[in-house]
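Work through the exercises below with the sequence and the model side by side. Try each task before reading its solution.

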Amino acid sequence: ANLLLAQRTGDGLRFGQDLAVPFEYLAALPGHREEVVAVVRPEDVEVAETQERLAHRPFAHGHVHSSGFAGSFERVVVQAAPDCGLRTAIGHEGPGEAPLRLEVLRTAAEAAALPLAPGKRVALGLRRFH
């Protein structure tokens, strides 16, 4: 799973800079600026060529680092762009930190509809989080 830091706000969860994910239960809890760890499963990340082509709320963009098939699924690693503001909940942050890489799992149909190669710029959408 991808473990990401997020801020709980009055709008829901905020990943990165200004990208909010509405979630009524969290928004109703007291304390509007609490940092939380969000679990984003690889199968819950949508990949598209542009943000406009995403069916779900965008939460990051970056470049394909690697991809390979694992049975009937394609496992993709996307290196998040530094300016998207995502932060990992694992490890240390600061100067010299390794770039944030997100795991994505796509069906064979999704892979056929949008072939991905290392270096390709992509937009990432969030189907759901935990």
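The exercises cover a sheet, a core, one strand and one residue.

The model is predicted: local features need pLDDT of at least 70, side-chain atom pairs count only at pLDDT 80 or more, and totals for chains, interfaces and linings use all residues. Residues are numbered from 1 along each chain as its sequence is written, and side-chain values use heavy atoms, with hydrogens and water left out.

**Exercise 1.** Determine the strand order of the open sheet of five strands, and identify its edge strands.

Solution. Strands are DSSP runs (E, at least two residues), numbered from the N terminus. Two of them pair if DSSP finds at least two bridges between them.
- Step 1: the order is 5-10-6-7-9, and the pairing is antiparallel.
- Step 2: strand 5 (45-48) and strand 9 (101-107) each pair on one side only, which makes them the edge strands.
- Step 3: from one strand to the next, the twist averages 45 degrees; axes are lines fitted to C-alpha atoms, and angles run from 0 to 180 degrees between N-to-C directions.
- Step 4: four bridges link strand 5 to strand 10 (residues 121-126) in the antiparallel sense, and Ala48 has Ala123 of strand 10 as its bridge partner.

**Exercise 2.** List the partners of strand 1 and decide whether strand 1 is largely enclosed or not.

Solution.
- Step 1: strand 1 pairs antiparallel with strand 4 over seven bridges; Leu3 is matched there with Val39.
- Step 2: strand 8 (residues 87-88) is joined to strand 1 by two bridges, again antiparallel, and Thr88 in strand 8 stands opposite Leu4.
- Step 3: strand 2 runs antiparallel to strand 1 with three bridges, where Gly12 is the bridge partner of Thr9.
- Step 4: six of the eight residues of strand 1 are buried, so the strand is largely enclosed by the rest of the structure. Buried means under 20% relative accessible area, exposed over 50%, partly exposed in between (1.4 Å probe, protein chains only).

**Exercise 3.** Is His63 buried, partly exposed or exposed, and which residues does His63 contact?

Solution.
- Step 1: His63 lies in strand 6.
- Step 2: its relative accessibility is 36%, so His63 counts as partly exposed.
- Step 3: beyond neighbours within four places in sequence, His63 is in contact (heavy atoms within 4.5 Å) with Val77, Val78, Gln79, Gly119, Lys120 and Arg121.
- Step 4: Leu116 is 53 residues from His63 along the chain, and their C-alpha atoms are separated by 9.8 Å.
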